[in-house]
Amino acid sequence: MSSSTTITTIDLKGALPKVASGKVRDLYTIDESTLLFVASDRISAYDVIMDNGIPGKGALLTAMSKYWFQYLSSQIPGLQTHFIASGLPPTLETQLGPDVAAPLRIRSMQVRRLQVYPIESIVRGYITGSGWAEYKKSQTVNGIPLPAGLIEGQKLATPLWTPSTKAELGDKDENISPAAAAKIVGQDVADEIERQSLQIYSAAAKRAEEVGIVLADTKFEFGLDKETGKVVLIDEVLTPDSSRFWPKETWEENLGRAQPSFDKQFLRDWLTENKLKGKEGVVVPEDVVKRTAEKYQEAYEKITGQKW
Ligand SMILES: Nc1ncnc2c1ncn2[C@@H]1O[C@H](COP(=O)(O)OP(=O)(O)O)[C@@H](O)[C@H]1O
Ligand SMILES: [Mg+2]
């Protein structure tokens, strides 16, 4: 099965010009208005890409984003997303041939090429991670004052829009106040991104809750459609790479400490234990790879209701 092989380097044999390469994805030009968005099996933690990947991860993230694009479009009237189709364009299929195309097809989607807004749009429904760290220091999250006495992992009275900068490759994103985000993209665009993000978060959190998952927080990206002036949801959506998913069953008993989660937790713990946090050139051992793959699969199956 192509989804059980591990592909850390995407090779289109020069068939399409490459636009960019992120930590996980490579983007190619299909035509003036369309990109090929290919998710590799690369995994990053603490902003560093590991030397080996997680088998099938790119295919799983692609399928999960596709699920959410379709689900959200069915739930939110007027929502615009960059998703056009999954898989490769037919001409590229022919050009590459079935053997080369097969592992790429399942990791690819065709998307609208848009002008990416240079902020990350994070929504937090629960207080954890960098939000919790800031709260402990100043009783604020992204400069937003919160009531005293919150505990780690607690549900917030209402979900918060907590944007961050979108750093260049290799740099770290920084949490910023909504006012600082408005300085970057303009007040109207910031308001629109906030509105859509909160709306998407609540639709997704509701769906996740139905299948026993707490959507603690998540990161969206948006782009501008220059022709229509519309703010469009782009990138991957609501995957374990971009979100914290917690099992609902054990949420309450774990209040006040770190929650188990459906993501890179095994990898992060292993890196920390072995003092490899932030180091380059790390090869992840087989058992950590396996357990990480299992967690991603579990999240996929719960959320989509489909077997992986
Ligand atoms: N529709 C789009 N048009 C142009 N760029 C996009 C679009 N959707 C996502 N992107 C960009 O593609 C990149 C995705 O690759 P990824 O490996 O996830 O990057 P990162 O390391 O920044 O997380 C991101 O930089 C994102 O902003
Ligand atoms: Mg990304």
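Colleague: What makes the pair of a polar side-chain atom of lysine 166 and an oxygen atom of ligand 1 a polar contact?

Modeller: In this predicted model, the two atoms lie 3.1 Å apart. A polar contact is a pair of N or O atoms within 3.5 Å, so the lysine 166 pair at 3.1 Å qualifies. Residues are numbered from 1 along each chain as its sequence is written, with chains lettered from A and ligands numbered from 1 in the order in which they are written. Local features need pLDDT of at least 70, and side-chain atom pairs count only at pLDDT 80 or more, whereas totals for chains, interfaces and linings use all residues; side-chain values use heavy atoms, with hydrogens and water left out.

Colleague: Which polar backbone atoms lie within reach of ligand 1?

Modeller: A polar backbone atom of lysine 23 is 2.8 Å from an oxygen atom of ligand 1, and one of leucine 114 is 3.4 Å from a nitrogen atom of the ligand. The protein covers 85% of the 560 Å² of accessible area (Shrake-Rupley method, 1.4 Å probe) that ligand 1 has on its own.

Colleague: How many residues surround ligand 1, and which are the closest?

Modeller: There are 16, each with a heavy atom within 4 Å of the ligand. The closest are Lys23, Val24, Arg25, Arg112 and Glu221. By class, the shell holds eight nonpolar, two polar and six charged residues.

Colleague: Why is ligand 1 said to lie between domain 1 (2-113) and domain 2 (116-262)?

Modeller: Both domains give residues to the shell around ligand 1, so the ligand lies between them. The domain bounds come from an automatic or database assignment.

Colleague: Which domains contribute to the lining of the second largest pocket?

Modeller: Domain 1 (2-113) and domain 2 (116-262) each supply at least three residues. Its lining includes Glu32, Arg112, Leu114 and Lys226, and six of its residues are charged, two polar and two nonpolar. The volume is about 270 Å³. A pocket is an open set of points on a 1 Å grid, with protein on both sides within 12 Å along at least five of seven lines.

Colleague: What makes a space a cavity, and how many of 30 Å³ or more are found?

Modeller: A 1.4 Å probe must fit there but be unable to get out. The search finds one cavity of 30 Å³ or more. Among the residues with an atom within 4 Å of a point of the largest cavity, and therefore lining it, are Arg25, Phe37, Leu61 and Glu236. Helix H1 (57-75) gives the most to this lining, with three residues.

Note on methods. Grid points are joined across faces, edges and corners, and a volume is the space filled by probe spheres set on the points. Ala, Val, Leu, Ile, Met, Phe, Trp, Tyr, Cys and Pro count as nonpolar, Asp, Glu, Lys and Arg as charged, and the others, Gly among them, as polar. A polar contact is a pair of N or O atoms within 3.5 Å; within protein, one must be able to donate a hydrogen and the other to accept it, and residues adjacent in sequence count only if both atoms are side-chain atoms. Helices (H or I, at least four residues) and strands (E, at least two) are DSSP runs, numbered from the N terminus.
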